[in-house]
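Got your viewer open? Load the model shown here, switch to a cartoon view, and keep the selection box handy.

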Amino acid sequence: MPRNTPHPRHARQAYLTLALAAALTVTLATCEASAAAQGTDHTPTRRPSAVAAQEARLARLAQQDVDAGAPGVVVRVDKGNGRVIEIARQAPWTRADHALATSGEFRMGSNTKTMVATVVLQLVAEHRLQLTDPVEKWLPGLIPNGAAITLRMLLNHTSGLFNYTTEPDVLKAFTGQDTRVWTPREVLAAAVRHDPLFAPGTSYSYSNTNYTALGLIAEKVTGHTLGDLVQHRIAGPLHLKNTHLVTGFGETKNPRLAHGYEPDAAHVGPLLPPYAPAGTAFAGPARSAGYVDTTWINASTLWAAGGMVSTAQDWARFSSALISGKLLPPALLKEMRTTVAEESEFPNRRYGLGLEQVSTPCGTVWGHSGQAPGYSSEDYTDATGRRTVSVFTTTIFGLVSPKTGPANQALVNAAVCTMLDKPIPTTPASAPTGS
């Protein structure tokens, strides 16, 4: 990849594997070196004037992100001291579609995996599942070599299963070029037509197929839909009033949903990954600045891998409850936070059971990121769950721009450092953003 192109943030992790711009990862080493060279004092500052300055800095960075080409951004930072920073900025051309608000709903993409993993681990706590259970026990005949693949391997992406979002037929639905409604079993069948990437348990490769299988297993063992399981076990008890799982089956238009955008066919081609077939483009009504509105795109391929809709406030409440131990017993939260190395190009990231450990210039955080057509999100907490941060951006591929990508990276890095109440390291402008 050209050195000045934002690194694909989660080609291995984002729901699409179409993700880009590692807002936290691409500048970490440079930021750390810069902070060390400057002798940065990381003593927390809590004076009201310092808090106001932090908020003003984030507001400027959010506006700079939009000025650089992002259709819209939402930032929420809770430092656990009773005051929450909430910022929303949007490009003028998007206002005819919606007014972007910090309380608006958002497609959470692969953040969904953390919630699905929580449901599965709750079932383990109830002795209805075991992490050592083979997939074949619960989905007999659906996954080749299922006797050798355990639930733990699905949860931490060491199963070796092919990632269904690189399957051309599924990709057509995901981008809206095909309106066919896919069932989870059909998505799983499309994935397992392809050979596995490696023997189960011998390596790591991010695969959305793992979580489709986990969703089907959770339904099989309980007799309830995955959406109902999320509602009864997480959203209801935590009073998450704007959080639900989209199935893609008869989805109605939600006026609270923030609008998402992707570059149109004339602009997206050079930005697509190598596996995308010629002619791949996002479908949707044409908008200014070379975008299409992807808000109501075919969502049937998302489901357990990326189908949650939520708000920044709701997701912060979930993340805080999870990491602070309110949703899982200590032994299973420890299992969730037991990590394996991700791909070598992401040395600062390790994957647990539906949860990532990320080393940043300002400290270690826990959480996930997510992408769905028109939506990118970063959601993290500190090790205690007391502090939370979310940065939502209303595009994926719009961040590939050499102007927009760095602006978005700067915003996310600043938001994480603000959450941890530490000074924001300065990144030299000449630092490479990819490889």
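**First stop: the nonpolar cores**

Start by selecting Leu 129, Leu 154, Leu 155, Phe 318 and Met 336, the residues with the most contacts inside the largest nonpolar core, which has 70 residues. A nonpolar core here is a set of buried Ala, Val, Leu, Ile, Met, Phe, Trp, Tyr and Cys residues joined through side-chain atoms within 4.5 Å. Buried means under 20% relative accessible area, exposed means over 50%, and partly exposed is in between (1.4 Å probe, protein chains only).

Now add helix H3 (residues 112-125), which gives the most to this core, with 8 residues. Helices (H or I, at least four residues) and strands (E, at least two) are DSSP runs, numbered from the N terminus.

Before going further, a word on what you're looking at: this is a predicted model, where local features need pLDDT of at least 70, side-chain atom pairs count only at pLDDT 80 or more, and totals for chains, interfaces and linings use all residues. Residues are numbered from 1 along each chain as its sequence is written, and side-chain values use heavy atoms, with hydrogens and water left out.

Which residues does Met 336 contact, leaving aside its neighbours within four places in sequence? Show Thr 114, Ala 117, Thr 118, Leu 121, Leu 322, Leu 328, Gly 352, Leu 353 and Leu 355. Contact means heavy atoms within 4.5 Å.

There is also a second, separate core of 26 residues; Val 391, Leu 411, Val 412 and Cys 417 are among them.

**Second stop: the rings**

Colour the aromatics next: a search of the whole structure finds 9 aromatic pairs. Rings of Phe, Tyr and Trp (its six-membered ring) pair if their centres lie within 6.5 Å; planes under 30 degrees apart count as stacked, over 60 as edge-to-face and the rest as tilted.

Pick Trp 93 and Tyr 291: their ring centres are 5.2 Å apart and their planes sit at 25°, so this pair is stacked. The two come from distant parts of the chain, 198 residues apart, with Trp 93 in the loop between strand E2 (84-90) and strand E3 (106-107) and Tyr 291 in strand E7 (residues 291-293). Tyr 291 has a relative accessible area of 6%, so it counts as buried. Add Tyr 261 to your selection, and you have a cluster of Trp 93, Tyr 261 and Tyr 291 linked by ring pairs.

Then jump to Phe 282 and Phe 397, a tilted pair at 6.0 Å centre to centre with 50° between the planes. Phe 282 belongs to the loop between H10 and E6, and Phe 397 to the loop between strand E14 (388-393) and H14, 115 residues apart. Both Phe 282 and Phe 397 are buried.

Stay with Phe 397 and select Leu 271, which touches it along with Pro 263 and Val 400, not counting residues up to four places away in sequence. Leu 271 lies in the loop between helix H10 (265-268) and strand E6 (286-287). Is Leu 271 buried or partly exposed? Its relative accessibility is 28%, so it counts as partly exposed. Try a distance from Leu 271 to Ser 401: C-alpha to C-alpha they are 9.2 Å apart, though 130 residues separate them in sequence.

**Third stop: a run of strands**

Select strand E12 (residues 363-372), where 8 of the 10 residues are buried, so the rest of the structure largely encloses it. Strand E11 (residues 356-360) pairs with E12 in the antiparallel sense over 5 bridges; two strands pair if DSSP finds at least two bridges between them. To see one bridge, show Gln 357 and its partner in E12, Trp 366.

E12 also pairs with strand E13 (residues 375-381), again antiparallel, over 7 bridges. Here Gly 367 has Tyr 380 in E13 as its bridge partner. The E12 and E13 hairpin has 2 residues between the strands, and Gly 374 takes a positive phi near 95°.

**Last stop: helix H14**

Finish on helix H14 (residues 404-419), where 14 of the 16 residues are buried. H14 reaches 23 Å from its first C-alpha to its last, close to the 22 Å expected at 1.5 Å a residue (1.5 Å times one less than its number of residues). Just after H14, look for Asp 421, with a positive phi of about 60°.

Zoom out to close: the chain has 14 helices and 14 strands, and 60% of its 435 residues are buried.
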